[in-house]
Amino acid sequence: MTRMTMAKAITAGLRRVLAEDPKTLLMGEDIGKLGGVYRITEGLQAEFGEDRVMDSPLAESGIIGTSIGLALRGYRPIAEIQFDGFVFPAFNQITTQLAKLHMRSEGRLTVPVTIRIPFGGGIGSVEHHSESPEALFAHTAGLRLMTPSTPHDAYWMIQEAVALPDPVIFFEPKRRYWLKGDVDTEHRAAPAATAQVVRQGNDATVVAWGPLVPVALAAAQAAQEDGRDVEVIDLRSLSPIDFDTVTASTKKTGRLVIAHEAPTFGGLGGEIAARVTERAFYELQAPVLRVGGFHMPYPPSKVEANYLPDIDRLLEALDRSFAH
């Protein structure tokens, strides 16, 4: 058991896959000598060489296009998009090529590309550096989406992402890079496709993922002081979604609140709410509620605290649920 930050856990996971599989390689802007903006790949180029850890031009479409070509030749490329808001020049390659080649070839081709994307806000950055675009990619069949909330999950889930035969978008909650936790490098985390109940409760269920899981846990602890026993689920996989775990918890508690940083309008919370309502309609004691960002461009850093869902907004949603 080793205590490390989420950033270092991802580094350790990448180091392990590079050491174990010579067909894996990293590419991205400034990931080599610099080690990336967040130093996630620090030291890996010196350890594995410039032909395994490659600095790319400032061209996201080129990074993903090259990754697809390498995957078709038998490699397992791990591409870094430096910031979430920079992924859109590669959106065409991801959604029209990467996601569809396996289906288009009737299963003859696999494209095991892992795309690492630091996502979310809370770092006081400038425009285009704090986005939550997960719903845009979840809508596209053929892609897997993962996001860890703990260093232990980060260490194991990045390895699972690289090993899968499918393309994976690995969303890294950038404001949690410095979150410390225990990492067991011997015992694997649960498969990424399974949601995890990270806090048991009987009165209401809160579902969150990535950067909002610590917020959801803090809100549940605050609710406990008011005598409310709140269960918290870390979704972990955003496509596919483990609806069975979410539904079972909701049937037990009768109430569901879904929290994510992305805007609630058109967000994944709406899909989860609809599915759970279909499956647990007669067990629900209140409407499924969503807490998320507002339907607006991400605001300047000075006011982003007013945009991001916090403990108070989650507690307010729980109050509305219990009022029914």
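This passage describes one helix, one open sheet and two helices that lie across that sheet, as they appear in a predicted model.

Helix α7 comprises the 13 residues 151-163. At 1.5 Å a residue, these 13 residues should span 18 Å, and because the end C-alpha atoms of α7 are 19 Å apart, the expected and computed values agree. The helix is mostly covered, with 11 of its 13 residues buried. The buried residues begin with an unbroken run from Pro151 through His152, Asp153, Ala154, Tyr155, Trp156, Met157 and Ile158 to Gln159, and they also include Ala161 and Val162.

Elsewhere in the model, five strands form an open sheet in the order β9-β11-β10-β13-β14, and the pairing within this sheet is mixed. Its edges are formed by β9 (196-199) and β14 (289-293), each of which pairs on one side only. From one strand to the next, the twist averages 25 degrees. At the β9 edge, the pairing with strand β11 (residues 230-234) is antiparallel and extends over three bridges, and glutamine 196 stands opposite aspartate 234 in β11.

Two helices lie across strands of this sheet. Helix α10 (residues 268-280) lies across β13 (256-263) and β14, and runs at about 160 degrees to β13. Helix α12 (residues 311-322), in turn, lies across β10 (204-208), β11, β13 and β14, with a direction at about 160 degrees to that of β14. Strands β13 and β14 are thus crossed by both α10 and α12.

Definitions and conventions. Residues numbered from 1 in each chain as written. Predicted model: local features only at pLDDT ≥ 70, side-chain atom pairs only at ≥ 80, totals over all residues. Heavy atoms only, no water. Helix = DSSP H or I, 4+ residues; strand = E, 2+ residues; numbered from the N terminus. Expected span 1.5 Å × (residues − 1). Buried < 20%, exposed > 50% of the residue type's maximum accessible area, 1.4 Å probe, protein only. Pairing = 2+ DSSP bridges. Axes fitted to C-alpha atoms, helices over the stretch in contact; angles between N-to-C directions. Contact = heavy atoms within 4.5 Å.
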